[in-house]
Amino acid sequence: MTRVRTRVKDAVGKLPTKEWSRKSWHRRASKPVTVWMMIFVLAGLVHLWIPEYRWVLIHIFTLGIVTNSIMLWSQHFTERFLQQKLDDDTRPGQLRRFQALNLGIVLTIVGEILVEWWDKHWILTQIGATIIIVVLLIHTVSLLRQWMSSEKGKKYRPAVFGYVLSAAFLPVGGVFGALLSMELPVGLHENVRLAHLITNVLGFVGLAAAASLSVLFPAIWRTRGRKDRTGIVISLLSFGVVVATVGCFADSTWVTGGGLAVYTFGWLVGLVSWLGNVIDVLKDPRDRVTYASGSVLMAVLWLIGILVWLTAEVFMATELPEVSLPTTVLLIGFGAQLLLGVMSYLLPTTMGGGPGAVRTGMAVLNKGGLFRLTLINLGLVLWQVATYSWLKVVLSFFVFGALVVFIPLLILAVRAQRKVLLKEAEPTPKDPQAKPAWNQLTAGLAVLTFVVVMFGGLAGPSTGGQATQSTGAENVTTVEISTVGMKFIPDVIEVPTGNSLEIVLTNDDDQAHDLRLANGVDSGRLVPGDSITIDAGVITENLDGWCTIAGHQAMGMTLTIMAV
């Protein structure tokens with residue numbers, strides 16, 4: 001009887017238990033990504049009531065969603081690429097790393113939310129940042145050990161080394177982030193913030209993305225890979241990040257710009273091969289032009305476009321604090337698109353179940369794929385060039401909506417693929433005559449064109465000009481006003497009745513603002529650091545002013561001009 005039990009136990013251990021353990025680990029490790037996606041959507045809906053909401057939203061996405069994803073998939077692909085499946089007894093320790101990582105993320109974000117209520121909030125932020133740094137250092141060492149123990153001739157070994165370098169950059173960026181939570185001197189703060197973006201987004205995210213795409217890009221486009229340039233790409237990107245970061249602390253635009261130029265060239269080297277894959281597919285597209293394939297392509301194009309612009313701006317600046325960071329466009333155009341595009345391919349593939357089951361899951365995730373791609377990419381372009389506040393708000397909803405719809409589609413895809421796995425439903429049939437749904441591109445273009453036309457163009461409806469003009473014969477009162485933290489400072493000014501008022505408006509905040517007066521005078525949109533002199537006309541009675549950017553007036557961004 002004992003022998004029978006032993007044989008059964010051995011058989012179970014060799015077949016279903018180990019396989020179930022691997023999938024169970026993957027499901028548990030990926031849960032935080034889904035949770036943070038939900039939190040991101042909820043935070044976006046109520047962001048006007050969240051202190052430092054732009055910082056909070058950015059870090060929910062970068063730390064909560066992206067960092068968890070990179071830790072998970074870099075471990076997954078390291079084992080796959082090196083053919084070194086770790087023992088099941090290592091999985092609990094890996095799950096504890098994810099738990100510690102997310103504890104650190106929560107503490108970091110909560111610390112910044114408490115900025116208005118606790119003057120020592122940075123202590124909580126730094127504790128959280130320290131936990132994140134330690135976890136990523138452990139992850140770096142783990143990947144490095146696997147890389148060093150692998151055979152030197154392994155085809156995808158350079159890609160794994162890219163994961164090692166990627167993981168090593170986040171602790172460095174984490175230190176910079178912890179410093180930013182404290183009050184740094186003007187000038188140094190801006191330089192550290194640029195170094196923080198370079199090491200975290202270009203180093204941590206960029207290297208992990210390049211390492212993954214060296215293998216995944218042709219796989220997602222379902223074509224053969226071209227000449228492998230992974231080693232060259234990883235070397236150029238790493239060197240570029242290091243040089244650009246050194247340039248930030250040396251306060252040198254030329255060193256920083258040179259590092260960014262090398263980094264950009266690294267991505268261009270990779271793009272040459274990937275565009276060859278795209279051209280091969282477009283000659284015979286069949287059903288290969290999908291949301292996943294289009295999304296990863298557009299993510300790379302956005303990144304390279306942003307890098308060219310940023311590099312040029314750094315070279316043209318007299319000092320680094322003048323450089324405005326394209327954080328929103330970088331995270332949406334590159335980060336979000338790349339993540340969702342890769343996940344649209346990887347999740348059905350990892351879930352498995354045979355070609356029919358995988359095809360079923362991918363079909364659900366590709367619903368309205370080219371329509372969504374148009375809303376995201378063209379919508380993002382229009383969002384950035386539009387000057388009318390409410391049009392920008394509506395366009396942002398279209399962009400975020402097209403991204404967020406991935407969540408319900410993912411749930412539906414898992415259910416559909418699971419039914420095929422359990423033989424409860426037939427798989428999506430393979431259509432040999434399938435062609436890309438090009439009409440979805442036209443539909444997306446039509447929707448966005450209609451929206452812009454309904455708002456009277458990118459500049460919005462005409463305000464009708466100024467209702468009151470200065471004749472030049474009055475005494476002139478000049479007042480300097482700055483915008484900081486959703487406030488005009490000062491927000492109440494006194495002007496002698498009959499005087500002409502000049503307002504010197506300076507945007508000292510980290511986001512765009514404007515000023516419109518009740519008499520029709522409008523400053524236009526001011527990006528951070530901009531300044532403008534406004535002729536408010538002759539003041540004969542009390543006059544109200546406000547910021548027209550959606551939600552800012554409701555948060556208290558108002559001005560009162562009192563005639564005395």
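Is Val 46 buried, exposed or partly exposed? With a relative accessible area of 40%, Val 46 is partly exposed, because that value falls between the 20% cut-off for buried and the 50% cut-off for exposed. Keep in mind that this is a predicted model. The protein has 15 helices and 8 strands, and here's a quick tour, from the overall shape down to a few individual residues.

**Overall build**

- The radius of gyration of the protein is 27 Å, close to the 24 Å that the globule rule gives for 564 residues, so the protein is as compact as a globular protein of that length.
- Take the C-alpha trace along its principal axes and you get a span of about 105 × 50 × 45 Å.
- Buried residues account for 50% of the 564 residues in the protein.
- As for the surface, the accessible area of the protein adds up to about 26600 Å², and 63% of that belongs to carbon and sulfur atoms.
- Look at contacts between residues at least 6 apart in sequence, and 76% of them join residues at least 24 apart.

**The nonpolar patch around Val 46**

- Val 46 sits in the loop between helix 1 (2-45) and helix 2 (53-82).
- Together with Leu 42, Leu 45 and Trp 49, Val 46 forms a nonpolar patch on the surface.
- Those four residues have about 500 Å² of accessible area together.
- Why can Val 46 be part of this patch? A patch takes residues with over 30% relative accessible area, and Val 46 has 40%, so Val 46 clears that cut-off.

**A residue in helix 2**

- Moving on to helix 2, that's where you'll find Thr 62.
- Thr 62 is buried, with a relative accessible area of 18%.
- Leaving aside residues up to four places away in sequence, Thr 62 touches Thr 67 and Leu 331.

**The open sheet**

- Four strands make an open sheet in the order 3-8-7-5, with mixed pairing.
- Strand 3 and strand 5 (516-517) are the edge strands, each pairing on one side only.
- As background, strands of a sheet pair through backbone hydrogen bonds, either parallel or antiparallel.
- Strand 3 (residues 492-495) and strand 8 (residues 558-563) run parallel and are joined by 4 bridges.
- For a residue-level handle on that pairing, Val 492 has Thr 560 in strand 8 as its bridge partner.
- Strand 7 (residues 543-546) and strand 8 run antiparallel, and 4 bridges join them.
- Gly 545 stands opposite Leu 559 in strand 8, and Trp 546 is opposite Thr 558 in that strand.

**Salt bridges**

- Side chains of opposite charge can pair when their charged atoms come close.
- How many salt bridges are there? The count comes to 5 salt bridges, and three of them are picked out below.
- One of them pairs Glu 79 with Arg 91, whose closest N and O atoms are 2.8 Å apart.
- Since Glu 79 lies in helix 2 and Arg 91 in helix 3 (residues 91-113), the pair ties together parts that are 12 residues apart in sequence.
- Both ends of this pair are tucked away: Glu 79 is buried at a relative accessible area of 9%, and Arg 91 counts as buried at 4%.
- Another salt bridge brings together the side chains of Arg 222 and Asp 287, at 3.0 Å from N to O.
- Arg 222 lies in the loop between helix 6 (188-220) and helix 7 (230-249), and Asp 287 in the loop between helix 8 (253-283) and helix 9 (291-316), so this pair ties together parts that are 65 residues apart in sequence.
- Here the side chains do see the surface: Arg 222 counts as partly exposed at 40% relative accessibility, and Asp 287 counts as partly exposed at 30%.
- Arg 286 and Asp 284 also meet through their side chains in a salt bridge, at 2.7 Å from N to O.
- Arg 286 is partly exposed at 35% relative accessibility, and Asp 284 is partly exposed at 39%.

Terms used:
Residues numbered from 1 in each chain as written. Predicted model: local features only at pLDDT ≥ 70, side-chain atom pairs only at ≥ 80, totals over all residues. Heavy atoms only, no water. Patch = residues over 30% accessible without salt bridge, like charges linked within 9 Å, V, L, I, M, F, W, Y side chains within 5 Å. Areas by Shrake-Rupley, 256 points an atom, 1.4 Å probe, with all protein chains shown as cover. Helix = DSSP H or I, 4+ residues; strand = E, 2+ residues; numbered from the N terminus. Buried < 20%, exposed > 50% of the residue type's maximum accessible area, 1.4 Å probe, protein only. Pairing = 2+ DSSP bridges. Rg over C-alpha atoms; globule rule 2.2 N^0.38 Å. Contact = heavy atoms within 4.5 Å.
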